[in-house]
Structures are given as structure tokens and as C-alpha cells.
Amino acid sequence: MGVSYVTREFVRAGVRLSLRDWGGDEEGRVGVLLLHGLAGHCGEWDGLARALRGDGYRVLALDQRGHGGSERAPEDVSRAAYVDDVLGVVEAFGGSGRRPFALVGQSYGGHAALLTAARRDPRVAGAVLVEAGPAGSTPEDVAGVAGWLRGWPVPFASREAAVAHFGGGAVGEGWASGLEERDGGWWPRFDAGVLAASLAENAVRSWWAEWDAVDVPLLAVLGQHGIVDAEQWDGMTRRRPGLRGVCLPGAGHDVHLERPDEVYGAVAAFLRELDGPADPDGACLEVRSRP
């Protein structure tokens, strides 16, 4: 029988949060907290979670507020609230020794990982930013994402119809896995208005000051056709010359779904560095220019 998870819930500041606890409790190793992107769900990380648990890591995957099994319509959808949730999970599930955690997040989850690392909390050992960075978005970009969410043709008549709508293949399967079946159709497990509100801060500011505040190792995992463009990547490496980065040719924004084996390889190498005696300013992974 393969490694499996237990679904757990807890309440932080009046908000109910749900997560998948994959277990693992090997002493002397960092824990791993996986954070999905906007409109995503913790199940996107099942493959990576299973592999990392097999490597002996303590692994958790969170449904962030407003998503999945967590509180569907929280009043506070500020970036600070998402960061506080991350630290709350680490505190609640870190074990008696309160081990430090590495945060692995994709897109908006990667942004939450970045902002959490900027808090300089000793419970955060490092962060992997999958298709995420500190640049802000334009109001037009944010409006476009909000419109895309509201434009889903829900309910989908079948899971197969949802997979096709999201492009088919591993990406389509990943997105469709986040839906719930009810009332004769397949529905998102989020409220589009709530998620649109959670984007508001990104429309009016960037997060370069937070980027500069991070004092733990970071790894950037990008898709060649993702959202982190050359200008943002140049700013990231200029401000942080030791930044490790991996860019996967041909991949897009959902690189964790498109290329799970390569993402696992990059994350596993980064975690081995965090566990080892290596200099945290040294690069164990090749730093590649953004194409």
C-alpha cells in the first residue's frame, strides 16, 4: 500500500482550515508545507507529497483560505491573512520540537511562501517559489484573472468536460480534481468573488521590499512560458545574486502539473541542502537565465 494522507482541520483566528497530513517525523530534517495557487487545491501536490514523504520528510499540504475544504468565504483575504495561516499551520503541526519548515508554493501559493519567508520567522527554513515572484500586477491583469474565474462554464456537465475545458492532459486533470460533484454537475470549491478580492493588493503594489527582507535560502522553479518574465527575473537575481533557479523548457505556468518529476528533482535537491551542512549562500543547483 502506498503512502497516504489524513485530512485534518483546525481553526485559526476564527477561520477553519483544512490540510492533508502525509505524516513523517524523521528527526533532524525540515518539514515541508505545500501551498497551491489561486483557485487551486491541495490535491495538486499529491504526487510531490507522496514522493517527499517517501524520502522521509514530514509533509503537509494546505487548502488555503477560500479554497477547497477550508473556509469558503473568510472575511479577511489580505496577503497578511494568508501568511498568518501558513505560520499557524507550522506552529500547529510542527511537532513538539517545533521543527522548521520549507515552504513550497506555486503561483499565489508561492507568493504566500515568499511573504512568509520575509517575516524572518525561525520556523521557516527556506522556500521554493514555483512560478512566483515579487513583482506586482496591473489592475488590468487582476481584472483579467477575475474575469477568467467568473467565466468558468459551471456547472460542468461531467468531470471529462471539465478536464477538456482546462486543456486536457495532466493540467486539465489537475484543475478538474479540485471540483466537487453536487446538484447534477461539477462545481468549483471556491467563490470567484472572494478570490477576486484576494487579488486586490497585487493590483496596487509590488513586493520587492519583502523580497529584500528574506534571509533564508530560496529556489525559483519556472516554466519557460510562465508568468515570471525576463524583467522580473533580472530584478530577482540582481537583488539576490545567490538565487538558485531552474527553468524548464517548454513548460508553462502550471509547471508542477506539466513536469512533476523535474519539479520533484529540483525540490528534493533543495531540501537536501537545507538538511545538510552546506553554506546557505552556496548554490547546489544551477542558476539559469530566464529565457
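1. Ala117 belongs to helix α3, which spans residues 108-117. This note concerns a predicted model, and Ala117 serves as its point of entry. The residue is buried, its relative accessible area being 2%. Leaving aside residues up to four places away in sequence, Ala117 touches Val124, Val214 and Val216. Its C-alpha atom lies 16 Å from that of His36, a residue 81 positions away in sequence.

2. One of these contacts, Val214, deserves separate treatment. Val214 is placed in the loop between α8 and β9. With a relative accessible area of 6%, Val214 is buried. Its contacts, again without residues up to four places away in sequence, are Leu114, Ala117, Ala118 and Arg240. The Ala117 contact is thus listed from the side of Val214 as well as from the side of Ala117. Between the C-alpha atoms of Val214 and Ser78 the distance is 20 Å, and 136 residues separate the two along the chain.

3. Two residues in the loops next to α3 have backbone angles that a reviewer may wish to inspect. Ser107 is located in the loop between β5 and α3. Its phi is positive, near 55 degrees, although the residue is not glycine. Ser107 counts as buried because its relative accessibility of 17% falls under the 20% limit. Arg120 is located in the loop between α3 and β6, the latter covering residues 124-130. Phi of Arg120 is likewise positive, near 60 degrees, in a residue other than glycine. In contrast to Ser107, which is buried, Arg120 is partly exposed, with a relative accessible area of 49%.

4. A further backbone feature concerns a proline. The peptide bond that joins Val154 and Pro155 is cis, with omega at about 0 degrees. Pro155 sits in the loop between α4 (139-150) and α5 (159-165).

5. Helix α1 comprises residues 46-54, and its buried residues are Asp46, Leu48, Ala49 and Leu52. When α1 is viewed down its axis, these residues fall within an arc of 160 degrees, so they line one face of the helix. The elements that cover them include β2 (15-21), β3 (31-35), β4 (58-63), β5 (101-106) and α11 (260-275). After α1 comes Gly56, which has a positive phi near 100 degrees.

6. Helix α9 comprises residues 230-239; Gln232, Trp233, Gly235 and Met236 are its buried residues. Their arc around the axis is only 160 degrees, which places them on the same side of α9. Glu231 and Arg238, on the other side of α9, are exposed. The packing partners of the buried residues are α8 (208-213), β9 (218-223) and β10 (244-248). α8 and β9 are also the elements that flank the loop holding Val214.

7. Within helix α9, Trp233 may be singled out. Its relative accessibility is 4%, and Trp233 therefore counts as buried. Trp233 and Ala127 are 106 residues apart in sequence, and their C-alpha atoms are 16 Å apart in space.

8. The remaining points concern the chain as a whole. The protein chain contains 11 helices and 10 strands. Its radius of gyration is 18 Å, close to the 19 Å that the globule rule gives for 291 residues, so the chain is as compact as a globular protein of that length. Along the principal axes, the C-alpha atoms fill a box of roughly 55 × 45 × 35 Å.

9. Burial and contact statistics complete the view of the fold. Of the 291 residues, 55% count as buried. Among contacts with a separation of 6 or more, 74% involve residues 24 or more positions apart.

10. As regards the surface, the protein chain exposes about 12,000 Å², and carbon and sulfur atoms supply 50% of that area. The chain carries 29 positive and 41 negative charges, and the mean positions of the two sets are 3 Å apart.

Key. Residues are numbered from 1 along each chain as its sequence is written. This is a predicted model: local features need pLDDT of at least 70, side-chain atom pairs count only at pLDDT 80 or more; totals for chains, interfaces and linings use all residues. Side-chain values use heavy atoms; hydrogens and water are left out. Helices (H or I, at least four residues) and strands (E, at least two) are DSSP runs, numbered from the N terminus. The radius of gyration is taken over C-alpha atoms; the globule rule is 2.2 Å times the number of residues to the power 0.38. Buried means under 20% relative accessible area, exposed over 50%, partly exposed in between (1.4 Å probe, protein chains only). Contact means heavy atoms within 4.5 Å. Accessible areas come from the Shrake-Rupley method with a 1.4 Å probe; for residues, only the protein chains shown count as cover. Lys and Arg count as positive and Asp and Glu as negative; His and the chain ends are not counted. The place of a charge is taken as NZ of Lys, CZ of Arg, CG of Asp or CD of Glu. The arc is that of the directions from the helix axis to the C-beta atoms.
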